[in-house]
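Biologist: I should like to learn how to read the main features of a structural model. Could we proceed one feature at a time?

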Number of protein chains: 2
Amino acid sequence: MNNKKAVILSSGGLDSTTIMAIALSEGYDIYSLSFRYGQRHFFELEAAQRVANVLGAKEHLILNIDLKIIGGSALTDDIDVPKDRSAAEMQQEVPVTYVPARNTIFLSYALAWAEVLGVSDIFIGVNALDYSGYPDCRPEYIDAFEKMSNLATKAAIEGKTKTRIRTPLIHMTKAEIIRKGIGLGVDYRMTHSCYDPSLEGKACGQCDSCILRRKGFREAGVTDPIEYVSREA
Amino acid sequence: MNNKKAVILSSGGLDSTTIMAIALSEGYDIYSLSFRYGQRHFFELEAAQRVANVLGAKEHLILNIDLKIIGGSALTDDIDVPKDRSAAEMQQEVPVTYVPARNTIFLSYALAWAEVLGVSDIFIGVNALDYSGYPDCRPEYIDAFEKMSNLATKAAIEGKTKTRIRTPLIHMTKAEIIRKGIGLGVDYRMTHSCYDPSLEGKACGQCDSCILRRKGFREAGVTDPIEYVSREA
């Protein structure tokens, strides 16, 4: 086994946990990166730490960043998270849970850390199918970020690394992602996906993220191991 | 006068102060953005605030970001800042003052704030001539970042804004920049360029940034109004 390393953007959710398992299965040592970015709760950061521990990340870094000051999102501001939306409604427009330029900021930090570590491969769990209408989850965006990365760093212009933004989930349905993860032995009990959990951290079951997750488990024919505040409709 | 707005990346240095004056002369309202990123001193943040006040920025935002944790630079780590290097030495390789992916991270935040403000134009004072060998100051990098930006945001995909990364200094010599600024009435006394100032904030006169600045003033035939610890050689 050679010592391949990868930086993994981890939110402690279903998608990023699956990409971490995929990277491990490909023989990478894992350097996982999470952000305290002014989100309304820290359950996802706890989940990201748990996932890093369970899957055996070599290092897990949590960066404090100031997206709340910039504002413009239900995930950082006092704007209500939308509930009980249909798949059609989710696709209609970019939702208020969109955080301005979030993936660009996250990937930029990943690029910086990757350069310091001497890493070429950055994994991000974006998904263009069962997604929630975010512009920075689309393949054309990822391609443009990768091109920019290869002009941005000392490591790139000195020919030491060629950055690859790896998006193994980008064309998969949520059900396919779940089956893939279960095939790799992922216990999804340790993950957290909800935008608006209860005070004890239970998933609401009604935000876009919960709805997509539940639909995924249903379609995969697997029971979602986490607890929800509300029963499934 | 229409109400054009621009986000300006400001370090309180000579270049970013000049671009702010240029943006003002083009009729933009200024939203300036600086970063507390783990640099070894805060004189540049004080200078950036001073410049924003003097030039009349509508808003000046200082974001706390965690580049020190990522490391890899003399500007954030305990690595000596190189002194008394010749122009040829500066061009030979990317120096230890390079901060991994810094402009990418800075521009990503600028993009986020621009989206929230409804702004298309982001000004950055990069320079490809009298520069210090940084990859993320080159025109091809800036072009790639702009392309990526126009795929990254809700504002872009909804056709509300078309992001332009404006680099008015990119092909100018330091002397030309200084003449341009003086023509626009900039008082460079309020700026701070030094990587390694004295405890009272006096410029060292020997780091790459001081050397390039002094050379620029000399070639422009203008006296640099700031104080230096060391006399000019």
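Modeller: We begin with a definition: copies are superposed by least squares on the C-alpha atoms of residues with pLDDT of at least 70 in both. The pLDDT enters here since this is a predicted model.

Biologist: By what turn and what shift along the axis can chain A be laid on chain B?

Modeller: A turn of 180° and a shift of 0.0 Å along the axis lay chain A on chain B with an RMSD of 0.0 Å. That is the relation of a two-fold axis. Within chain A, I65(A) has the C-alpha nearest the axis, at 2.7 Å from it. The same surface serves both copies, since 100% of the contact residues of chain A recur in chain B.

Biologist: How many residues does the contact take from each chain?

Modeller: In general, the size of an interface is often given as the accessible area lost when the parts come together. Here we count residues instead: the contact takes 36 residues from chain A and 36 residues from chain B. On the side of chain A that touches chain B, the elements giving two or more residues are strand 3, helix 3 (67-70), helix 5, helix 6 (139-152) and helix 7 (154-157) of chain A. Helix 5 of chain A supplies the largest share of that side, 9 residues.

Biologist: How do the residues of the side of chain A that touches chain B divide into nonpolar, polar and charged?

Modeller: They divide into 24 nonpolar, 6 polar and 6 charged residues.

Biologist: Let us turn to the sheets. In what order do the strands of the open sheet of chain A lie?

Modeller: The general idea is that strands of a sheet pair through backbone hydrogen bonds, either parallel or antiparallel. In chain A, 5 strands form an open sheet in the order 3-2-1-4-5, and the pairing is parallel. Strand 3 (59-64) and strand 5 (164-166) of chain A stand at the edges, each with a single partner strand, so one side of each is left without a neighbour in the sheet. From one strand to the next, the twist averages 25°.

Biologist: How many bridges join strand 1 to strand 2 of chain A?

Modeller: Strand 1 (residues 5-9) and strand 2 (residues 29-36) of chain A run parallel and are joined by 5 bridges. As one instance, L9(A) has L33(A) as its bridge partner in strand 2 of chain A.

Biologist: Which strands do helix 1 and helix 5 of chain A touch?

Modeller: Helix 1 (residues 14-25) of chain A packs on the sheet and touches strand 1, strand 2 and strand 4 (121-123) of chain A. The direction of helix 1 makes about 175° with that of strand 1 of chain A. Helix 5 (residues 102-117) of chain A also packs on the sheet, touching strand 1, strand 2, strand 3, strand 4 and strand 5 of chain A. For helix 5, the angle with the direction of strand 1 of chain A is about 160°.

Biologist: What is the strand order in the open sheet of chain B?

Modeller: The 5 strands of that sheet follow the order 3-2-1-4-5, with parallel pairing. Within chain B, strand 4 (residues 121-123) and strand 5 pair in the parallel sense over 3 bridges. D121(B) has R164(B) as its bridge partner in strand 5 of chain B. Helix 2 (residues 43-55) of chain B packs on the sheet, touching strand 2 (28-36) and strand 3 of chain B.

Biologist: Which residues have the most contacts inside the largest nonpolar core?

Modeller: That core has 140 residues, and those with the most contacts inside it are V7(A), I8(A), A110(A), V7(B), I8(B) and A110(B). Leaving aside residues up to four places away in sequence, I8(B) touches several residues, including I19(B), M20(B), L33(B) and F123(B).

Biologist: Is A101(A) buried or exposed, and what is its phi?

Modeller: A residue is buried if 20 or more other C-beta atoms lie within 10 Å of its own. A101(A) is buried, because 29 other C-beta atoms lie within 10 Å. Its phi is near 55°, a positive value in a residue other than glycine. A101(A) lies in the loop between helix 4 (87-92) and helix 5 of chain A.

Biologist: And where is D84(B) placed?

Modeller: D84(B) is in the loop between helix 3 (67-70) and helix 4 (87-92) of chain B. D84(B) has a positive phi of about 55° although it is not a glycine. With 14 C-beta neighbours inside 10 Å, D84(B) counts as partly exposed.

Conventions: Residues are numbered from 1 along each chain as its sequence is written. Chains are lettered from A and ligands numbered from 1 in the order in which they are written. This is a predicted model: local features need pLDDT of at least 70, side-chain atom pairs count only at pLDDT 80 or more; totals for chains, interfaces and linings use all residues. Two residues are in contact if their C-beta atoms, placed from the backbone, lie within 7 Å. Two strands pair if DSSP finds at least two bridges between them. Helices (H or I, at least four residues) and strands (E, at least two) are DSSP runs, numbered from the N terminus. Axes are lines fitted to C-alpha atoms, for helices over the stretch in contact, and angles run from 0 to 180 degrees between N-to-C directions. A nonpolar core is a set of buried Ala, Val, Leu, Ile, Met, Phe, Trp, Tyr and Cys residues joined through C-beta atoms within 7 Å. A residue is buried if 20 or more other C-beta atoms lie within 10 Å of its own, exposed if 12 or fewer, and partly exposed in between; C-beta atoms are placed from the backbone. Ala, Val, Leu, Ile, Met, Phe, Trp, Tyr, Cys and Pro count as nonpolar, Asp, Glu, Lys and Arg as charged, and the others, Gly among them, as polar.
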